[in-house]
Amino acid sequence: MAPAASARAAPSPAKAAPATGLAARAWWPWAKRVALWVFLCGVAWLIVRQARTIEWDEVLDALRALPVALVAGAALMAACSFALYTTFDLLGRHLTGHRLRAPTVMGVAFISYAFNLNFGSLVGGVAFRYRLYSRLGLRASDITRVLGFSMLTNWIGYLVVAGLAFALSPLALPPEWRIDSGGLRILGRVLVAVGIAYLALCAFAGGRSLSVRGHVLEVPSLRMGLVQMGLSMANWSLMGAIVWLLLQGRVDYPQVLAVLLVAAVAGVITHVPAGLGVLEAVFVALLSHQVAQGPLLGALLAYRAVYYLLPLVVAVLLYGVTEYRARHARHRAKT
């Protein structure tokens, strides 16, 4: 009987394989966390290193030297950019068929976007949309679809704009980096190909639902896909134009746009609220060999003022009005 018991105790090769798979799955999340922390530490080191070498008096002087009319023009362009972004939620309204009025939807999108930029996507893009839309009577399933479609619209346009910027006008990297632009051109072509593949999916599977890892995704029509891409591309291009305007043409527009797109991804990866320090670090790293740090950082501070802080002030006021109206409506319903 002892040999039989021993045979039963010995694991078979078929049972050993899943254990190896489980070990691999347990190892991978830790590897991603380590890689993320290494990246975060690298960004933090870069920010601190650059901050200690900056002549802040020169930065403030450059900020004060910006013409008022120029800053006002940048603020007007920022308002146009926010208006473009709010149309992403209008596309979600068309997709879901909910009956909230267009100004109401645009107001929710504006508030969410302003808080998203300053406090991160979980606070602004997600939490505020769910809170405001639910108070307006939207079902959770519809809110999720609007949110997901808005995010898709934003990033599908990003892919194409970044792809064109990298493929047609690669960044003029600092000489000490000793890296040519060939890699950026290849990356740009890949990104454009992804955008074209999305439109092809819309053309051949528009109106259908796809299941990806248990999540059901609705494929929009080709017409809707083109509208998505066009609005988002216009928004990203306008954001680059704001920075270019504040730099007063010291750097070619395609270069400024490409750096802004790199900084946007770096800010998302690091999860730093408002990309604080990340935006500046990327611009200094990639453009300081073309523009002095004083004027460069002065322009970026002005950009933060017109694109982050001023909309946030407006969003806080709008949110306060929205909350007051919601409470007043609940009070009237009870009485």
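**Exercise 1. Classify D89 by accessibility, then find its charged partner.**

Step 1. D89 has 0% relative accessibility, so it counts as buried. Buried means under 20% relative accessible area, exposed over 50%, and partly exposed in between (1.4 Å probe, protein chains only).

Step 2. This is a predicted model: local features need pLDDT of at least 70, side-chain atom pairs count only at pLDDT 80 or more, and totals for chains, interfaces and linings use all residues. Residues are numbered from 1 along each chain as its sequence is written, and side-chain values use heavy atoms, with hydrogens and water left out.

Step 3. The side chain of D89 meets that of R129 in a salt bridge, at 2.9 Å from N to O. A salt bridge here is a side-chain nitrogen of Lys or Arg within 4 Å of a carboxyl oxygen of Asp or Glu.

Step 4. R129 is buried too, at 2% relative accessibility. The pair links distant parts of the chain: D89 sits in helix α4 and R129 in helix α6, 40 residues apart. Helices (H or I, at least four residues) and strands (E, at least two) are DSSP runs, numbered from the N terminus.

**Exercise 2. Check the span of helix α4 against expectation.**

Step 1. Helix α4 covers residues 68-96, which is 29 residues. The expected span is 1.5 Å times one less than the number of residues.

Step 2. That expectation is 42 Å; the model gives 43 Å from first C-alpha to last, close to the expected value.

Step 3. G97 follows α4, and its phi is positive, near 80°.

**Exercise 3. Trace the salt bridges beyond D89 and R129.**

Step 1. The whole structure holds five salt bridges.

Step 2. R145 pairs with E218, the closest N and O atoms being 2.7 Å apart. R145 lies in helix α7 and E218 in strand β2 (residues 215-218), so this bridge ties together parts 73 residues apart in sequence.

Step 3. Now the accessibility. R145 is partly exposed at 28%. E218 is partly exposed at 34%.

Step 4. Extend the pair: R139, D142, R145 and E218 are linked in a network of salt bridges.

Step 5. E280 and R304 also meet, at 2.5 Å from N to O. E280 belongs to helix α11 (residues 278-287) and R304 to helix α12, 24 residues apart. E280 is buried at 13% relative accessible area, and R304 is buried at 8%.

**Exercise 4. Which residues touch the most other members of the largest nonpolar core?**

Step 1. Define the set. A nonpolar core is a set of buried Ala, Val, Leu, Ile, Met, Phe, Trp, Tyr and Cys residues joined through side-chain atoms within 4.5 Å.

Step 2. The largest such core has 65 residues, and F283, Y303 and Y307 touch the most other members. Helix α12 (residues 293-334) supplies the largest share, twelve residues.

Step 3. Take Y303. Leaving aside neighbours within four places in sequence, Y303 is in contact (heavy atoms within 4.5 Å) with M239, I242, V243, L246, L260, L279 and Y308.

Step 4. A second, separate core has six residues, including I156, L199, C202 and M229.

**Exercise 5. Compile the surroundings of N154, A162 and G125, setting aside sequence neighbours up to four places away.**

Step 1. N154 lies in helix α7 (residues 140-168). It is buried, at 11% relative accessible area. Its contacts are Y85, F88, S232 and W236.

Step 2. A162 lies in helix α7 as well. It is buried at 0%. A162 touches L191 and L261. A162 and G188, 26 residues apart in sequence, have C-alpha atoms 6.6 Å apart.

Step 3. G125 lies in helix α6 (residues 122-135) and is buried at 7%. Its C-alpha is 5.3 Å from that of S112, 13 residues away along the chain. G125 is in contact with S112, N116, G120 and L147.

**Exercise 6. Summarise the chain as a whole.**

Step 1. There are twelve helices and two strands. In sequence order the pattern is α-α-α-α-α-α-α-α-β-β-α-α-α-α.

Step 2. Buried residues make up 40% of the 335 in the chain.

Step 3. Among contacts between residues at least 6 apart in sequence, 69% join residues at least 24 apart.
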